[in-house]
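The following exchange asks on what grounds certain structural terms are applied to this model. Each answer sets a value against the definition that governs it.

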Amino acid sequence: GRKVKAMAENNAQGIPIEDVEAVVVGSGVSGSSLSFHLNQAGIDVVCAEANERVGGNLISKSNEEGFLWEEGPNTFQPTPQILRFAHDLGIAKDLVLADPSLPRLVFWDNKLWPLPGKPEDAVFNFGLLSWPGKIRAGLGALGIPPFYQPPPQGREESIQEFVTRHLGEETFYKVIDPFVSGVYAGDPQKLAIRAALKKIYALETLSANGGFIPGAAVRIKQKKDEEESEEYKREWREGLEMMPPGGSLGSFKNGLVQMAEATEKALNGGEKKRVRTSWKLEDIQKENEKYIAIFNTPEGKKALRSSALAVTAPSHRAKPFLQNIAPDAAKELEQIYYPPVASVTIAYPREALRPELPGVAETGKLQGFGHLIPRKAAAQAGVRTLGTIWSSSLFPYRAPEGYEMMLCYIGGSRDVGIGDMSEEDIFKQCDKDIRKILVREDWKGDAKQIGVRVWPTAIPQYEKGHLDVLERIEAQTPEGLFLGGNYKTGVAFGDCVDYGIQEAKKIDAFLQDKARTPVSELQKSAAEAPTVA
């Protein structure tokens with residue numbers, strides 16, 4: 001044992017070392033969920049966050065005027081995983097849900113069209129699609145040839161190719177293109193269907209004839225069987241009881257960051273401070289079977305030594321630290337692209353709203369989730385934003401009386417020029433766009449600028465080849481190192497929470513397995529291990 005100890009001191013250049021079982025780098029949704037669930041499993045874990053506050057990209061802000069807004073992710077679709085986590089954190093009472101019956105709208109031909117809430121609306125009350133477009137989509141979705149054509153062999157399909165093959169061009173351009181902008185701020189010609197929209201991709205495989213509708217029927221039955229199993233009920237407990245009606249969107253009273261803050265509180269309540277902010281990762285070294293992560297902290301340099309090390313940072317942040325310990329994986333991480341996106345929060349007095357907008361004539365308030373803008377419609381109308389969330393319609397308490405607050409997203413992989421614009425110019429562009437869509441032409445007042453945040457590397461793009469890149473990363477990641485985060489697990493809030501739950505099980509199993517390995521085996525592998533310079 002003396003050799004190991006001397007080596008550690010030498011490695012860490014006199015930096016104090018603390019031994020723990022697992023280290024999690026990053027306290028965003030993924031890192032918070034993983035740290036909490038490791039701690040819940042009784043694992044001695046420390047979560048290190050480079051910023052002075054927890055939450056990573058979760059940035060919920062409020063001001064003295066009474067506005068509360070998000071500058072990163074904005075809402076989540078409730079899942080049993082998120083709700084069980086909220087229950088276990090003690091913040092279930094702070095869950096806020098938007099009314100699921102609010103319309104979601106698409107901007108086309110200079111007007112807003114509500115997306116159908118029910119299947120029959122899609123046929124009879126959906127003016128956005130022409131009758132030939134609806135018939136093409138319907139017959140394709142049923143899997144009826146020649147409208148439905150089987151997938152091409154031997155190559156990966158993009159979202160655009162896949163959706164056009166199934167539902168036709170019109171449905172793609174008017175409905176799916178804006179949806180892709182809303183989720184990924186991406187380019188549907190490059191995004192891979194099997195990586196970016198796994199659930200939709202799976203419908204074709206489940207279907208007897210390849211059509212979405214037969215596939216969905218199979219999936220609904222599978223899901224029902226799964227959800228009725230005792231095992232499922234045992235695992236998700238209160239999370240299942242708390243599930244709201246479908247179509248709801250959720251957040252917490254003080255914004256999404258409350259989940260990370262509650263994790264910090266839960267993990268720092270005992271004798272050991274497990275969540276540490278302003279701990280900036282500087283280097284990772286390997287020592288025999290263990291990892292030594294070195295941090296710059298407010299108290300100088302510190303090191304954590306652990307058998308399991310999870311890095312939940314975005315791929316471009318993780319890459320430099322993997323050069324020593326996983327150079328091949330580090331090289332693969334370079335291939336994941338994150339375009340720039342700006343999130344801009346703007347408020348207008350209610351009297352500025354056009355009377356024909358949903359809810360305005362009846363209640364004086366906007367009533368809807370928000371609107372998405374297909375790129376063809378944007379080009380036609382001279383608009384740049386990808387879409388706008390009607391934040392104070394979702395959660396009325398987040399804006400003072402008399403105001404409507406909205407969150408615009410602009411940029412993405414089809415408009416990278418946003419990354420070079422000033423915040424002021426980005427704000428002006430969003431204001432100009434909203435005036436074309438939501439504001440009365442005779443209203444000449446000023447919009448209120450609430451928040452502007454430019455994310456130079458915003459959302460990982462699950463482009464063609466992405467799953468192959470992930471497979472190679474997995475193969476080149478040494479034992480005990482766990483790479484995670486939204487480039488791997490899916491970009492939705494719920495995906496990141498679930499990643500934390502599942503990865504905690506993997507790490508727990510890994511540590512238990514390690515504890516069972518006889519010492520002689522460890523000594524043998526230590527003797528064969530190259531020493532760290």
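**Two sheets and a cavity**

This predicted model contains an open sheet of seven strands with mixed pairing, in the order 8-7-16-17-18-15-19.

Q: Why are strand 8 and strand 19 said to stand at the edges of this sheet?
A: Strand 8 and strand 19 (448-455) each have a single partner strand, so one side of each is left without a neighbour in the sheet. Neighbouring strands of the sheet are turned against each other by 25 degrees on average, with direction ignored.

Q: How do you know that strand 7 and strand 8 pair?
A: Pairing requires at least two bridges between two strands. Strand 7 (residues 104-108) and strand 8 (residues 111-114) have four bridges, in the antiparallel sense, and therefore count as paired. Phe 107, for instance, stands opposite Leu 112 in strand 8. The two strands form a hairpin with two residues between them, and Asp 109 in the turn has a positive phi of about 60 degrees.

Q: What makes strand 15 and strand 18 a pair?
A: The requirement is at least two bridges. Strand 15 (residues 341-349) and strand 18 (residues 403-411) run antiparallel and are joined by nine bridges, so the criterion is met. Among the partners across these strands, Tyr 348 is bridged to Glu 404 in strand 18.

Q: Which helix lies across the strands of this sheet, and at what angle to strand 15?
A: Helix 18 (residues 423-437) lies across strand 7, strand 8, strand 15, strand 16 (370-372), strand 17 (385-389), strand 18 and strand 19, and runs at about 55 degrees to strand 15.

Q: What is the order of the open sheet of five strands, and how is it paired?
A: The order is 10-3-2-14-20, and the pairing is parallel. Strand 10 (275-276) and strand 20 (481-483) are its edge strands, each pairing on one side only.

Q: How do you know that strand 2 pairs with strand 14?
A: Four bridges join strand 2 (residues 22-25) to strand 14 (residues 308-311), and since at least two are needed, these parallel strands are a pair. Val 23 stands opposite Leu 309 in strand 14. Helix 2 (residues 29-40) packs on the sheet, touching strand 2, strand 3 (45-48) and strand 14, and its direction makes about 165 degrees with that of strand 2.

Q: How many cavities of 30 Å³ or more are there?
A: The count comes to one, and the largest cavity has a volume of about 90 Å³. Of the 13 residues that line the largest cavity, the closest to its centre are Glu 70, Asn 74, Ser 391, Arg 398 and Leu 407.

Notes:
Residues numbered from 1 in each chain as written. Predicted model: local features only at pLDDT ≥ 70, side-chain atom pairs only at ≥ 80, totals over all residues. Heavy atoms only, no water. Axes fitted to C-alpha atoms, helices over the stretch in contact; angles between N-to-C directions. Contact = heavy atoms within 4.5 Å. 1 Å grid on protein atoms, 1.4 Å probe; cavity = no way out; pocket = protein on both sides within 12 Å on 5 of 7 lines; lining within 4 Å. Points joined across faces, edges and corners; volume = space filled by probe spheres on them.
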